[in-house]
Amino acid sequence: MSTTLALTGALLIDGTGSAPVEQATVIVDGDRIAAAGVGIAVPKGATVIDLTGKTLLPGLIDAHVHLGGLGFQAVPSFGGRKATEDYARPRLDAVRHGVTTQRSLGDFLTDSLTVRDAIEKGALPGARIVTSGPSFQVKGGHPNGTVWGNDPASRAEGARLPESPADAQRMVTELADAGVDLIKIIISDNEFMQPPQPELKMDWAVTEAIVEAAHQHALRVAAHAENVTDALKAVRAGVDDIEHLVMREPDLSDTSAFEELFSLMADRGTFLVPTMVAHQRVGEETDPTTLSYGNTLVKQAFDAGVRLGVGSDAHSPGLHGWKLYHELVMFVRDQGIDALTTLTAATGGNAELLGIDERLGTVTVGKIADLLVVDGNPLQDITAIGKVDRVLLGGRVATN
């Protein structure tokens, strides 16, 4: 069977932000993109796939997931490889929805690294993984004291609980030596499912030590933040991206603090991954609580020049890929951000955020051929991004 594919006749959205190309041809040689554009000759012996009426773009990247979530009703609600059959549903469901890479922002260390490497080697099928391993938390805080229900195994494998800057530096070094791709910090008032407990928030000296140590190891830092004050402090401390920003409805009678935050993030190149569908569950088309405050702030950040990442916070079986689709729809329909910008953010932009843009994220020569084909034109109707025709991982059809 030929290892060369010629994908012809599609509308090409290449993930760079460039204008779409009609009647494009993309040549895939082995696992790499060999050519892309108009008027490209089909190599002799290539397998030709006619994509007339379809759109071809890079595989989607979800910048915020948790692979080990077992559902809020499960006891425990969080686990690793044994509890999830090597994270089978997250990695396979993602591909069915056109997601070819997921960034895990809080999972069991050894398990997430092992599955990540097995996928890269072709020993396991599914979306690629970029992982922080465990996240830095406060004992009794979120999520170990909230959604995990103080489960000791989850806390041991999925959390790091530094009590001093020295602890933080040592733990970051241990994670770097283990091979994590980035560092995740939880900055929380611990208000999930209970009254707020701001006394459980991580000491800022510890947070700053984590960021400094991570950058010394050339690791990016993602920070879970729930309010503008904490987000502003985190950006000043040097984190590379803010996750969520708000998880409960804020007081928007005075938006000057958000204006200051977004100005600083734009100046520093700090990404915002708003996860507007964080609370959405299967069967819910939208989450009205998220919508009521998500619109104003995400659009305000975008208009201020903040780089937007696209992440779903998928954390339970059945949510991976499905939630990212809804996040993309919300970007366009509810934020008023155009579809080309949105799809670029979810592909080439997210690849930059994850630090994988040298090999993934765009349909350009030399990149790995992780590709998504959908029926219709998502630039005209963003819901077409959910009409998956086929997905290629490393040049091989993973689903169709």
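## Pockets and strands in a predicted model

Strand 17 and strand 18 make a hairpin with two residues between them, and Gly-394 in its turn has a positive phi of about 60°. The model described here is predicted.

Three bridges link strand 17 to strand 18, and the two run antiparallel. Within this pairing, Leu-392 has Val-397 of strand 18 as its bridge partner. Strand 17 also pairs with strand 16 (residues 371-375), again antiparallel, through four bridges. Here Val-374 stands opposite Val-388 of strand 17. Is strand 17 enclosed or open to the outside? Five of the six residues of strand 17 (residues 388-393) are buried, so this strand is largely enclosed by the rest of the structure. Buried here means under 20% relative accessible area.

Strand 18 also takes part in a pocket. The largest share of the lining of the second largest pocket, four residues, is supplied by strand 18. Helix 2 (88-96), helix 3 (109-121) and strand 18 (396-399) each give at least two residues to that lining. The second largest pocket holds about 400 Å³ of space. It is lined by 19 residues, and those closest to its centre are Ile-119, Leu-124, Pro-125, Gly-126 and Leu-393.

The largest pocket has a space of about 530 Å³. Its lining consists of 30 residues, with Phe-72, His-142, Val-147, Asp-313 and His-315 nearest the centre. The linings of the two pockets divide by class as follows.

| Pocket | Nonpolar | Polar | Charged |
|---|---|---|---|
| Largest pocket | twelve residues | 14 residues | four residues |
| Second largest pocket | nine residues | four residues | six residues |

A separate description applies to the parallel sheet. Strands of a sheet pair through backbone hydrogen bonds, in either a parallel or an antiparallel way. Three strands, in the order 6-7-8, form an open sheet with parallel pairing. Strand 6 (60-65) and strand 8 (128-131) are the edge strands, each pairing on one side only. From one strand to the next, the twist averages 20°. Strand 6 and strand 7 (residues 99-104) run parallel and are joined by four bridges. One bridge partner pair is Leu-60 with Val-99 in strand 7.

Which strands of the sheet does helix 11 touch? Helix 11 (residues 339-354) packs on the sheet and touches strand 6, strand 7 and strand 8. The direction of helix 11 makes about 50° with that of strand 6.

Notes: Residues numbered from 1 in each chain as written. Predicted model: local features only at pLDDT ≥ 70, side-chain atom pairs only at ≥ 80, totals over all residues. Heavy atoms only, no water. 1 Å grid on protein atoms, 1.4 Å probe; cavity = no way out; pocket = protein on both sides within 12 Å on 5 of 7 lines; lining within 4 Å. Points joined across faces, edges and corners; volume = space filled by probe spheres on them. Nonpolar A, V, L, I, M, F, W, Y, C, P; charged D, E, K, R; others polar. Pairing = 2+ DSSP bridges. Axes fitted to C-alpha atoms, helices over the stretch in contact; angles between N-to-C directions. Contact = heavy atoms within 4.5 Å. Buried < 20%, exposed > 50% of the residue type's maximum accessible area, 1.4 Å probe, protein only.
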